[in-house]
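Q: I should like to learn how to read a structural model feature by feature. May we begin with the ligand surroundings and then move outward to the chain as a whole?

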Amino acid sequence: RRAYPFHEIEPKWQHYWEEKKTFRTPDEIDTSKPKFYVLDMFPYPSGVGLHVGHPLGYTATDILARLKRMQGFNVLHPMGWDAFGLPAEQYAIELKLLGFSYDWDREISTTEPDYYKWTQWIFLQLLKRGLAYQAEVPVNWCPALGTVLANEEVVDGVSERGGHPVVRKPMRQWMLKITAYADRLLEDLDGLDWPESVKEMQRNWIGRSEGAELQFSAMDSDGLESDIKITVYTTRPDTIFGATYLVLAPEHVLLPAIIADSQREVVEEYTELASRKSDLERTELQKEKTGVFSGSYARNPANGLAIPIWVADYVLGSYGTGAIMAVPAHDTRDHEFSLKYNIPVCGVVTPENGSFNYREKAYTGDGTMINSSSPTSGLDINGLPSKDAASKVIEWVEKTGCGMKKVNYKLRDWLFARQRYWGEPIPVIFLDGTGECVPVSEAELPLTLPELDDFTPTGTGEPPLAKALSWVQTVDPISGKSAQRETNTMPQWAGSCWYYLRFMDPRNPNALVDKEKEKYWSPVDVYVGGAEHAVLHLLYARFWHKVLYDVGVVSTKEPFQCVINQGIILGEVQYIAFRDSDGNLVSADSVDEMGDISQEIVTKSGDYFVLKDNPDIRLIGRAHKMSKSRGNVVNPDDVVSQYGADSLRLYEMFMGPFSTSGIDGVHRFLARVWRLVVGSPSLDGKYNVGTVDLDGEPSLEQLRCLHRCISKVTEEVEGTRFNTGISAMMEFINAAYKWDKLPRPVIEQFALLLSPYAPHMSEELWSRLGHSTSLAYEPYPTVNPEYLKESTVVLPVQINGKTRGTVQVKKQCTEEDAFGLASSDPKLSKFLDGKTIKKRIFVPAMTKKPGLSM
Ligand code: ANZ
């Protein structure tokens with residue numbers, strides 16, 4: 001198994017790097033050089049430590065960091081920790097074992113008072129700007145557990161653990177006004193090099209929509225308009241004539257004033273039930289809609305008709321105005337509801353291509369307005385395209401005073417308080433008597449957590465910190481009045497909102513970050529982490545960054561120029577086929593019973609997995625994440641001790657599900673490199689000399705081969721397509737095995753190319769080739785285009801069966817290239833003039849009888 005002595009060389013070089021502080025980024029650096037800041041998201045290792053999926057992103061950033069150092073950049077590549085009580089030392093050791101080139105002198109932990117002093121300082125800036133405020137907001141309160149639960153911890157109205165009832169209850173909370181930044185957060189997304197999917201998730205999360213607020217007057221029991229006005233939010237004001245009922249959210253403040261006495265009991269019962277559901281459950285599209293009639297009516301201002309007011313929980317109290325005008329003909333949810341409760345459907349938009357059966361389903365597209373004019377109100381939008389009708393209705397409501405144009409966001413202010421011990425204390429006090437909220441002065445920061453023996457929740461919803469009586473009881477230094485400290489703490493997100501700034505200047509006692517350092521290092525050039533952080537962390541950090549920009553602490557509008565999701569390493573793939581009634585295996589899409597199929601008898605065919613000996617049988621391949629519960633977790637320490645860190649690093653870059661055969665493959669490749677340069681061990685355990693020719697001059701063929709490899713590897717590494725970069729190096733080594741001698745300049749360049757991926761082996765080769773210092777700052781190989789020039793081929797061109805001429809093409813040319821050349825050649829193009837080409841046959845230039853015929 002020990003194809004090369006990685007057991008000796010890996011610890012040796014890890015020790016060397018640590019000792020010599022090879023990857024330290026000095027405090028004072030030559031700022032005339034370009035910079036490259038490459039950052040990993042914080043590791044959130046589960047209780048059991050790292051699994052092989054974790055180092056995936058870290059390997060990618062490490063390759064980039066090593067590459068950029070060799071390309072002459074000042075590189076900032078730090079690592080830190082974010083969880084109270086995390087055994088950080090243990091994880092640091094695991095990361096060092098993999099040879100990651102972090103600057104450990106900049107290691108930070110967001111839970112250290114020296115760090116969270118500045119988290120608290122940022123909170124005070126938010127408070128000063130009115131961006132932090134207190135509010136009574138409904139939270140998920142579980143009386144049995146005596147605690148507030150996150151939305152994800154509530155399922156079907158009961159706690160996920162224990163199944164205890166959960167109610168929505170208003171409680172005093174700290175909120176951050178992220179909504180004030182909604183437009184900037186949205187607009188600035190455009191300039192970022194982020195995965196389009198992540199940007200789209202942020203756009204949806206912010207959820208900007210343009211529409212109108214419209215007022216409907218409620219009617220009293222005599223059918224007369226009352227003073228009560230119900231304001232609805234709609235993105236489709238064009239459909240106002242189709243509004244056949246209104247819906248109020250069960251928590252709408254006007255509801256008690258609107259309910260008719262006859263309906264009071266049923267409505268109250270319904271709202272009580274609704275208070276136990278989460279917003280998510282209420283808005284799930286598949287769930288059957290429910291509601292009750294309030295017993296009252298409102299007047300549709302467009303046509304003067306009285307329409308019923310319903311109460312239904314598919315309308316949320318927290319969005320828009322908490323009330324809607326329901327248009328069954330054009331909204332799917334309203335359609336379903338109206339069928340169930342027998343409410344009239346009135347189509348007001350027709351599709352371009354004619355009529356539509358609105359009773360059958362809702363027509364949600366654009367079209368032409370019908371049934372939309374009223375002599376009573378004087379509004380007439382019939383015949384208009386629906387888009388124009390929307391503006392016309394807005395104009396009309398603004399003129400008549402019953403509505404206005406309105407922009408809405410899905411984004412909510414950020415609930416910033418937790419009732420937990422482990423968290424940054426919120427630096428404010430409340431004066432006894434008046435209850436006035438006074439910020440702790442900046443000079444008093446950090447405000448540290450008191451020691452507490454018992455961290456458990458109090459059972460009353462009061463945070464555990466309330467138990468630290470002598471800490472809570474304090475005096476306002478300015479007024480001298482007695483006061484109580486805030487006992488809520490900040491959520492875990494807080495510390496990770498700005499840590500990338502602290503890495504630029506981690507020990508500064510006087511500022512969050514030095515201005516000059518910030519200017520030089522900002523923004524983060526590449527930020528790598530899991531796609532699960534697409535919204536919360538990445539949005540919160542952008543928000544804080546923009547606030548810090550307004551405060552004058554940072555110089556860029558955005559923190560992370562480029563974000564890359566590293567993907568995941570899957571634990572295993574499970575193949576499933578089906579059996580028919582005779583027990584024969586059949587395609588997964590046809591019938592019956594399922595069963596697991598062993599990986600050995602499966603192969604891939606086109607888009608499907610099929611049985612090797614019967615490709616007609618299609619299987620379903622299901623990939624599983626690594627998880628403790630599936631028992632498929634592979635531990636990196638085990639892989640490192642069996643194959644070495646370099647093999648694991650290379651392997652990680654191929655992604656795909658974890659398999660032993662995959663790691664064998666990259667391990668064999670490294671062993672081949674080793675044998676080529678160092679030789680194989682002889683009986684006495686010493687190494688023979690490999691094929692290296694220390695004084696030899698490279699041949700033209702060797703240089704061509706090397707430069708093709710440099711070109712490919714550089715291109716791929718810069719595009720973060722690391723797997724194809726590795727393939728190019730494998731090809732080079734295959735070619736090199738056919739050479740008698742391997743001249744030193746060629747293999748030295750190769751060692752440099754390989755070093756970001758397999759740094760231990762490369763350092764060892766480099767030193768065996770006669771160098772006495774690390775290769776970490778050696779110039780990265782550059783391509784000489786002379787050696788890339790392709791030989792060309794003459795390609796005969798046939799038109800209508802006759803050879804009409806030739807074009808000169810590169811060997812690698814594609815059909816499109818060849819056709820482009822042929823059709824722009826005056827001699828050939830005259831045969832094509834005025835004709836349509838029915839068929840084109842291209843025989844590639846690399847084959848024996850190349851040609852193009854049309
Ligand atoms: C009438 C209408 C007719 C609507 C139509 C849609 C289609 P977004 O894009 O999400 O902003 N709505 C408004 N407030 C709501 C609430 N609190 N809970 C549930 N639904 C609510 O969508 C806005 C649309 O969602 C609004 O436009 C409203 O229904 C509904 F053919 O009004 B619409």
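Q: How do the residues of the shell around the ligand divide into nonpolar, polar and charged?

A: Please keep in mind that this is a predicted model. One reads a shell by sorting its residues by class. Here the shell around the ligand has 8 nonpolar, 8 polar and 2 charged residues.

Q: Which residues come nearest to the ligand, and which elements give two or more residues to the shell?

A: Of the 18 residues around the ligand, the nearest are S209, T234, Y319, G320 and H330. Two or more shell residues come from each of the elements β11 (225-234) and β15 (323-326).

Q: How many helices and strands are there in the chain, and what does the C-alpha trace span along its principal axes?

A: The chain contains 24 helices and 37 strands. Its C-alpha trace spans about 105 × 85 × 65 Å along the principal axes. Of the 854 residues, 37% count as buried.

Q: What share of the contacts in the chain with a separation of 6 or more comes from residues 24 or more positions apart?

A: Residues 24 or more positions apart account for 67% of those contacts.

Q: Which domains does the domain assignment give?

A: The assignment may join separate segments of sequence into one domain, as the bounds below show.
- Domain 1 comprises 36-106 + 124-131 + 179-204 + 494-569.
- Domain 2 comprises 117-123 + 132-178 + 414-485.
- Domain 3 covers 209-408.
- Domain 4 covers 572-625, domain 5 covers 634-789 and domain 6 covers 791-853.

As for spacing, the C-alpha centres of domain 3 and domain 6 are 64 Å apart.

Q: How should the packing of two helices be read, and at what angle do α19 and α20 pack?

A: One takes the angle and the axis distance together, and then turns to the residues that meet. Helix α19 (residues 700-718) packs against helix α20 (residues 722-736) at an angle of about 170°, and their axes are 8 Å apart. Angles over 145 degrees count as roughly antiparallel, so α19 and α20 are roughly antiparallel to each other. On the α19 side, C705, C709, K712, V713, E716 and V717 take part, and they meet F722, T724, G725, A728, M729, F732 and A735 of α20. By class, this contact has 9 nonpolar, 2 polar and 2 charged residues.

Q: E715 also lies in helix α19; is E715 buried, partly exposed or exposed?

A: E715 counts as partly exposed, because 14 C-beta neighbours lie inside 10 Å. From E715 to G725 the C-alpha distance is 8.0 Å, with their positions 10 residues apart in sequence.

Q: At what angle do α1 and α22 pack?

A: The angle between α1 and helix α22 (residues 759-768) is about 90°, with the axes 9 Å apart. This makes α1 roughly perpendicular to α22. The contact is formed by F6, I9, E10 and W13 of α1 together with H760, M761, E763 and E764 of α22. Its residues divide into 4 nonpolar, 1 polar and 3 charged.

Q: Let us turn to the backbone. Where are the cis peptide bonds at P446 and P523 found?

A: Omega is the angle to inspect in such cases. The peptide bond from L445 to P446 is cis, with omega near 0°, and P446 is in the loop between β21 (437-439) and α12 (469-472). Another cis peptide bond joins S522 and P523, with omega about -10°. P523 is found in the loop between α14 (515-521) and β24 (526-529).

Q: What is the phi of K21, and what is that of N342?

A: K21 is not a glycine, yet its phi is positive, about 50°. K21 lies in the loop between α1 (6-20) and β1 (35-40), and counts as exposed because 12 C-beta neighbours lie inside 10 Å. N342, likewise not a glycine, has a positive phi of about 60°. N342 is found in the loop between α10 (332-341) and β16 (349-350) and is exposed, with 6 other C-beta atoms within 10 Å.

Q: Is T487 buried or exposed?

A: T487 is buried, because 20 other C-beta atoms lie within 10 Å. T487 belongs to the loop between β23 (482-485) and α13 (499-502). Leaving aside neighbours within four places in sequence, T487 is in contact with E462, P463, L465, A466 and V472. T487 and D27, 460 residues apart in sequence, are 38 Å apart in space, C-alpha to C-alpha.

Definitions and conventions: Residues numbered from 1 in each chain as written. Predicted model: local features only at pLDDT ≥ 70, side-chain atom pairs only at ≥ 80, totals over all residues. Domains from an automatic or database assignment. Axes fitted to C-alpha atoms, helices over the stretch in contact; angles between N-to-C directions. Helix = DSSP H or I, 4+ residues; strand = E, 2+ residues; numbered from the N terminus. Parallel < 35°, antiparallel > 145°, perpendicular 65-115°, else oblique. Contact = placed C-beta atoms within 7 Å. Nonpolar A, V, L, I, M, F, W, Y, C, P; charged D, E, K, R; others polar. Near = placed C-beta within 6 Å.
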